[in-house]
Amino acid sequence: MSFCSFLGGEVFKDHFQPGIYVCAKCGHELFSSRAKYEHSSPWPAFTETVHEDSVAKRKERPGALKVSCGKCGNGLGHEFLNDGPKRGQSRF
């Protein structure tokens, strides 16, 4: 499954079948379906990455980090700190 196809709408928001979400540009593993949860945003929401190096992060503003593929640098969106389904969890 490729992740973050922003052209024409996000097709994986309501997709909850088991699998690994990968970068649409290079195929690098990003998120597991086990870390996916329902959220009101128009994009899929995850609590954690598959690997420690799945994504690269840089601070964009308080409470939000800009996230890109850890292999090719493809832009993936944001990590919102303390906005996950449980207290203290982030939302990607």
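Two strands pair if DSSP finds at least two bridges between them. With that in hand, welcome to a few close-up views of this predicted model.

**View 1. Strands β7 and β8 run side by side in the antiparallel sense.** The two strands are paired over 5 bridges. One spot to look for is Ala-64, which stands opposite Phe-80 in β8. Now follow the chain into the hairpin of β7 and β8, where 5 residues lie between the strands. In this hairpin Gly-73 takes a positive phi near 85°.

**View 2. Strands β6, β7 and β8 make up an open sheet.** The order of the 3 strands is β6-β7-β8, with antiparallel pairing. Why is one side of β6 and of β8 left without a neighbour in the sheet? Both β6 (55-61) and β8 (75-80) stand at the edges and have a single partner strand each, so one side of each has no neighbour there. On average, neighbouring strands of this sheet are turned by 30° against each other, direction ignored. As general background, strands of a sheet pair through backbone hydrogen bonds, either parallel or antiparallel.

**View 3. Ten residues gather in the largest nonpolar core.** The members are Tyr-21, Cys-23, Leu-30, Phe-31, Phe-46, Val-55, Val-67, Cys-69, Leu-76 and Phe-92. Which strands each supply at least two residues of this core? They are β2 (20-23), β3 (29-32) and β7 (64-69). In soluble globular proteins, nonpolar side chains tend to be buried together.

**View 4. Phe-31 and Phe-46 form a stacked aromatic pair.** In the whole model the count comes to 3 aromatic pairs. For Phe-31 and Phe-46, the ring centres are 4.4 Å apart and the planes differ by 10°. Phe-31 belongs to strand β3 and Phe-46 to strand β5 (residues 45-46), so the pair ties together parts that are 15 residues apart in sequence. Are these two rings buried or exposed? Phe-31 and Phe-46 are both buried.

**View 5. Phe-31 also pairs with Phe-92, this time in a tilted arrangement.** Here the ring centres are 5.4 Å apart and the planes meet at 55°, so the pair counts as tilted. This pair links distant parts of the chain, with Phe-31 in strand β3 and Phe-92 in the segment after β8, 61 residues apart. Phe-31 and Phe-92 are both buried. Step back a little and you can find Tyr-21, Phe-31, Phe-46 and Phe-92 in one aromatic cluster.

**View 6. Cys-26, Cys-69 and Cys-72 show cysteine sulfurs without a bond.** A search of the whole structure finds 0 disulfides. Cys-69 is in none, and its nearest cysteine sulfur, in Cys-26, is 3.7 Å away. For Cys-72, the closest cysteine sulfur is likewise in Cys-26, at 3.7 Å, which is too far for a bond because a disulfide needs the two sulfur atoms within 2.5 Å. How do Cys-69 and Cys-72 compare in accessibility? Cys-69 is buried, at 2% relative accessibility, whereas Cys-72 is partly exposed, with a relative accessible area of 31%.

**View 7. Ser-33 sits in the loop between β3 and β4 (36-37).** Although Ser-33 is in a loop, its relative accessible area is 15%, so Ser-33 counts as buried. Which residues touch Ser-33, leaving aside its neighbours within four places in sequence? Ser-33 is in contact with Gln-17, Pro-18, Gly-19 and Tyr-21. You have met Tyr-21 before, as a member of the aromatic cluster and of the largest nonpolar core.

How values were computed
Residues are numbered from 1 along each chain as its sequence is written. This is a predicted model: local features need pLDDT of at least 70, side-chain atom pairs count only at pLDDT 80 or more; totals for chains, interfaces and linings use all residues. Side-chain values use heavy atoms; hydrogens and water are left out. Buried means under 20% relative accessible area, exposed over 50%, partly exposed in between (1.4 Å probe, protein chains only). A nonpolar core is a set of buried Ala, Val, Leu, Ile, Met, Phe, Trp, Tyr and Cys residues joined through side-chain atoms within 4.5 Å. Helices (H or I, at least four residues) and strands (E, at least two) are DSSP runs, numbered from the N terminus. Axes are lines fitted to C-alpha atoms, for helices over the stretch in contact, and angles run from 0 to 180 degrees between N-to-C directions. Rings of Phe, Tyr and Trp (its six-membered ring) pair if their centres lie within 6.5 Å; planes under 30 degrees apart count as stacked, over 60 as edge-to-face and the rest as tilted. Contact means heavy atoms within 4.5 Å.
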